[in-house]
Structure formats: C-alpha cells, structure tokens
Amino acid sequence: MKSLLLLSILAALAVAALCYESHESMESYEISPFINRRYANTFISPQQRWRAKVQERMRERNKPAYEYIREACEDHKLCERYAMIYGYNAAYNRYFRQLRGGK
C-alpha cells in the first residue's frame with residue numbers, strides 16, 4: 001500500500017511538472033506569423049525592387065552560351081537523356097547543331 005501511495009504521488013508530481021504552462025510559453029501567442037497586407041511589401045524598398053528587376057534583365061540578356069544550350073536541350077526529352085550521359089555540349093551538337101546549319 002505504501003508503494004502504491006508513493007507511486008501515485010510521484011506520478012502526480014511528474015504530471016504537474018510536465019503540464020505546467022509558464023509565462024514564457026505564452027509569449028509565442030502574442031506575435032502573429034501573418035502581417036497586414038498594407039505592410040507586406042515594406043520589407044523591400046521600391047528602389048531595391050527596381051534594382052533587382054534591372055539585374056534580372058541584365059542576367060537574361062547576358063546569358064552565357066552554355067546556358068542557351070542547356071535550355072534548348074532541357075525542352076527535348078531525348079536530348080536531355082543524352083546530356084545526362086555525354087554532357088550538354090555533345091547532346092546539343094547531336095540534336096540541334098544540324099538543324100541550325102552547323103557542321
């Protein structure tokens with residue numbers, strides 16, 4: 001009987017310790033993960049957005065040749081499979097060079 005009483009007291013203490021809700025755990029409820037629509041775009045200023053758009057346009061305009069080759073090959077399934085084995089240059093030469101008047 002003593003062991004049962006001791007066991008129930010220990011179980012009650014364990015439940016009380018594990019289920020205790022402190023003030024620190026309530027702090028997470030104060031901040032909402034969502035922000036107002038009006039303030040959603042205030043993280044990036046208009047000047048930063050404009051600069052990012054200009055940089056993206058410049059990157060698109062000044063792509064290296066291998067990027068064009070890769071994009072052309074990715075749209076064609078057989079070319080992409082061939083590229084996985086032999087590389088994009090070899091695949092491009094095999095599937096597209098003849099169409100563009102190459103050797």
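In the predicted model, a patch of positive charge on the surface is formed by R49, K53, R57 and R61. Of these residues, R61 belongs to helix α3, which covers residues 46-61. R61 has a relative accessibility of 63% and is therefore classed as exposed, the threshold for that class being over 50%.

A second patch on the surface is nonpolar in character. The residues L5, L6, I9, L10 and L13 make up this patch, whose area is about 510 Å². Among them, L6 is located in helix α1, spanning residues 2-19. The relative accessible area of L6 is 53%, so this leucine is likewise assigned to the exposed class, for which a value over 50% is required.

With regard to the overall architecture, the protein contains 6 helices and 0 strands. The order of the elements from the N terminus is accordingly α-α-α-α-α-α. The protein comprises 103 residues, of which 10% count as buried.

Salt bridges were examined next. A total of 3 salt bridges was found in the protein. One of them joins R59 to E56, with a separation of 2.8 Å between the closest N and O atoms. Both R59 and E56 are part of helix α3, where they stand 3 residues apart, or about one turn of the helix. E56 has a relative accessible area of 39% and is thus partly exposed.

A further salt bridge connects the side chains of E60 and K63, at an N to O distance of 3.3 Å. K63 also forms a salt bridge with E71, and here the closest N and O atoms are 2.5 Å apart. Through these shared partners, E60, K63 and E71 are joined into one network. The members of the network were then considered by accessibility. K63 is buried, because its relative accessible area of 18% falls under the limit of 20%. E60, by comparison, has a relative accessible area of 41% and is partly exposed. E71 is also partly exposed, with a relative accessibility of 30%.

Aromatic contacts form the last group of features. The count of aromatic pairs comes to 3. In the pair formed by Y82 and Y86, the ring centres are 4.6 Å apart and the planes meet at 40°. This pair is therefore tilted, since its angle is neither under 30 degrees, as stacked rings require, nor over 60, as edge-to-face rings require. Y82 and Y86 are both found in helix α5, which consists of residues 77-86, and they are separated by 4 residues, about one turn of the helix. Y86 is exposed, with a relative accessibility of 55%.

Y82 takes part in another aromatic pair, with Y95 as its partner. This pair is edge-to-face, with 6.0 Å from centre to centre and 80° between the planes. The contact between Y82 and Y95 links distant parts of the chain, as Y82 is in helix α5 and Y95 is in helix α6 (residues 88-95), 13 residues apart. The relative accessible area of Y95 is 24%, and this residue is consequently partly exposed. Taken together, Y82, Y86 and Y95 constitute one aromatic cluster.

Definitions and conventions:
Residues numbered from 1 in each chain as written. Predicted model: local features only at pLDDT ≥ 70, side-chain atom pairs only at ≥ 80, totals over all residues. Heavy atoms only, no water. Phe/Tyr/Trp six-rings, centres within 6.5 Å; stacked < 30°, edge-to-face > 60°. Helix = DSSP H or I, 4+ residues; strand = E, 2+ residues; numbered from the N terminus. Buried < 20%, exposed > 50% of the residue type's maximum accessible area, 1.4 Å probe, protein only. Patch = residues over 30% accessible without salt bridge, like charges linked within 9 Å, V, L, I, M, F, W, Y side chains within 5 Å. Areas by Shrake-Rupley, 256 points an atom, 1.4 Å probe, with all protein chains shown as cover. Salt bridge = Lys/Arg side-chain N within 4 Å of Asp/Glu carboxyl O. Lys, Arg positive; Asp, Glu negative; His and termini not counted. Charge placed at Lys NZ, Arg CZ, Asp CG, Glu CD.
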